[in-house]
Amino acid sequence: MTAPRVRTKWRPPLALIVYAVLLAVMVLPVLIIIWFRAPETTSIRMTPAETAALVVVLTLTLAVAYVLARTITRPINALIARTEEIARGGKVAIRPLERYGTREIATLSQSFLDLAGRLVDRTEYVRSFAAHVSHELKSPLTAIRGAAELLRDDDDLPMTTAQRLRFLDNIIADAERLDALLSRLRELAQAELPMAQGETSVKDVLPLLRNRFPGLEISGAGDTQSTVALPFEAAGIVFANLAENAAQHGATRLELAVGADTRTATILVRDNGGGISEGNRERVFQPFFSTRREQGGTGMGLDIVRTMLGSYGGTIRLRQANSAGTEFEIIVPLTP
């Protein structure tokens, strides 16, 4: 997308406007004095004292204009230069200015630095994500191609029926993995774009989870009727991914305990599965990280949950994970 361009035309610099305004303010009373003196005297020549006063006023006006213009234009010009530097240098160039001049410019500069930081982080995330997607798609495609070529070129040394079935099973398994991966990518794309606003409660989601995961004993506790600013569809995706994650790690029970204050709801999602090893706890939200890759795991479920919650102002963190199970803490805004 080409960035929109500001229409080119002559515009006065800020310093010129400041000087013009202050000089106009200074000249106006002088002209008024001359206007009222004209009927009283035949000469409009100024006395030495008046000339000296006029020079003093002119000097003070120019000094005030210089200080005012410098206070405003220097930090603005510095911010423009920093913008161009960030465009060329990326994250390294995101650093505070040396001077801000006024409170408003300091606020503007901080807002700009925050925006630039988020854009750079987003760019790095997209770059890393694209590399992971390319790798994850390439692996099963390479396996499918290799198996297909072996099946095609077995004239010289024909395969046994068992060997042929094994290769065909591998092709089907890799195709299913690709299908699961693409489905996850579609869910992640939906998660990054906020859906229509809505509200739901844990009590509304529980029947959906029980119907979808009959092997889990799913229960609610606490203030399950509190409505949170999360549409039912988004809540279904969030809690279904956590329930699926629990079932895949051997859990038989899942509890959603809700506590609410004046503005947010805290939902603790506990299961009695096998937990998460200490070495993997820092990586559970990392895209494509999975300990079940051989069983078809894509490693995108928790990343989808985090992204979906973030789209609605919510957060998730791993609270504890040991041999007795795993507990995630979700914080989402309550409906106004």
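Which strands does helix α6 lie across, and at what angle does α6 run to β5? In this predicted model, α6 lies across β2, β3, β4 and β5 (residues 325–333). The angle between α6 and β5 is about 175°. The strands concerned belong to an open sheet, which is described next, followed by the helices that accompany it and by a separate helix pair.

The sheet consists of 5 strands in the order β1-β2-β3-β5-β4, and its pairing is mixed. The edge positions are taken by β1 (residues 217–222) and β4 (residues 315–322). Each of these edge strands has a single partner strand, so one side of each is left without a neighbour in the sheet. From one strand to the next, the twist averages 15°.

Several of the strand pairings can be followed in detail. Strand β2 (residues 253–260) pairs with strand β3 (residues 264–271) in the antiparallel sense, over 7 bridges. Within this pairing, Gly259 has Thr266 of β3 as its bridge partner. Strand β3 is in turn joined to β5 by 8 bridges, and these two strands also run antiparallel. Here Asp271 finds its bridge partner in Thr326 of β5. On the edge formed by β4, the pairing of β4 with β5 is antiparallel and comprises 7 bridges. One of the bridge pairs is that of Asn322 with Gly325 in β5. The connection from β4 to β5 is a hairpin through 2 residues.

Strand β5 is mostly covered, with 7 of its 9 residues buried. Thr326 provides an example from this strand. With a relative accessible area of 6%, Thr326 is buried, because this value falls under the 20% cut-off. Once neighbours within four places in sequence are set aside, the contacts of Thr326 are Val269, Arg270, Asp271, Gly275, Ile276, Leu318, Gln320 and Ala321. Asp271, the bridge partner of Thr326, is thus among the residues that Thr326 contacts.

A second helix, α7, also lies against the sheet. Helix α7 lies across β4 and β5, and the angle at which α7 runs to β4 is about 145°. Strands β4 and β5 are likewise among those that α6 lies across.

The two helices also pack against each other. Two packed helices are described by the angle between their axes and the distance between the axes. For α6 (residues 232–248) and α7 (residues 301–311), the angle is about 150° and the axes are 9 Å apart. Helices α6 and α7 are therefore roughly antiparallel to each other, since the angle is over 145°. Helix α6 passes α7 in a left-handed crossing. On the α6 side, the contact involves Ala234, Ile237, Val238, Asn241 and Leu242, which meet Gly301, Leu302, Ile304, Val305, Met308 and Leu309 of α7. By residue class, the contact of α6 with α7 comprises 9 nonpolar and 2 polar residues, with no charged residue.

Another helix pair is formed by α1 (residues 14–37) and α2. The axes of α1 and α2 come within 7 Å and cross at roughly 160°. Helices α1 and α2 are therefore roughly antiparallel to each other. Their crossing is right-handed. The residues in the contact of α1 with α2 divide into 19 nonpolar, 2 polar and 2 charged.

Two residues of α2 illustrate its surroundings. Leu58 is located in α2, which spans residues 48–89. At a relative accessibility of 34%, Leu58 counts as partly exposed. Apart from residues up to four places away in sequence, Leu58 touches Leu23 and Met26. Between the C-alpha atoms of Leu58 and Gln110 there is a separation of 37 Å, the two residues being 52 residues apart along the chain.

Arg82 is likewise found in α2. The relative accessibility of Arg82 is 11%, and Arg82 therefore counts as buried. With its neighbours within four places in sequence left aside, Arg82 is in contact with Ala93, Arg95, Pro96 and Leu97.

Notes: Residues numbered from 1 in each chain as written. Predicted model: local features only at pLDDT ≥ 70, side-chain atom pairs only at ≥ 80, totals over all residues. Heavy atoms only, no water. Axes fitted to C-alpha atoms, helices over the stretch in contact; angles between N-to-C directions. Helix = DSSP H or I, 4+ residues; strand = E, 2+ residues; numbered from the N terminus. Parallel < 35°, antiparallel > 145°, perpendicular 65-115°, else oblique. Left-handed = near helix turned anticlockwise from the far one by under 90°. Contact = heavy atoms within 4.5 Å. Nonpolar A, V, L, I, M, F, W, Y, C, P; charged D, E, K, R; others polar. Buried < 20%, exposed > 50% of the residue type's maximum accessible area, 1.4 Å probe, protein only. Pairing = 2+ DSSP bridges.
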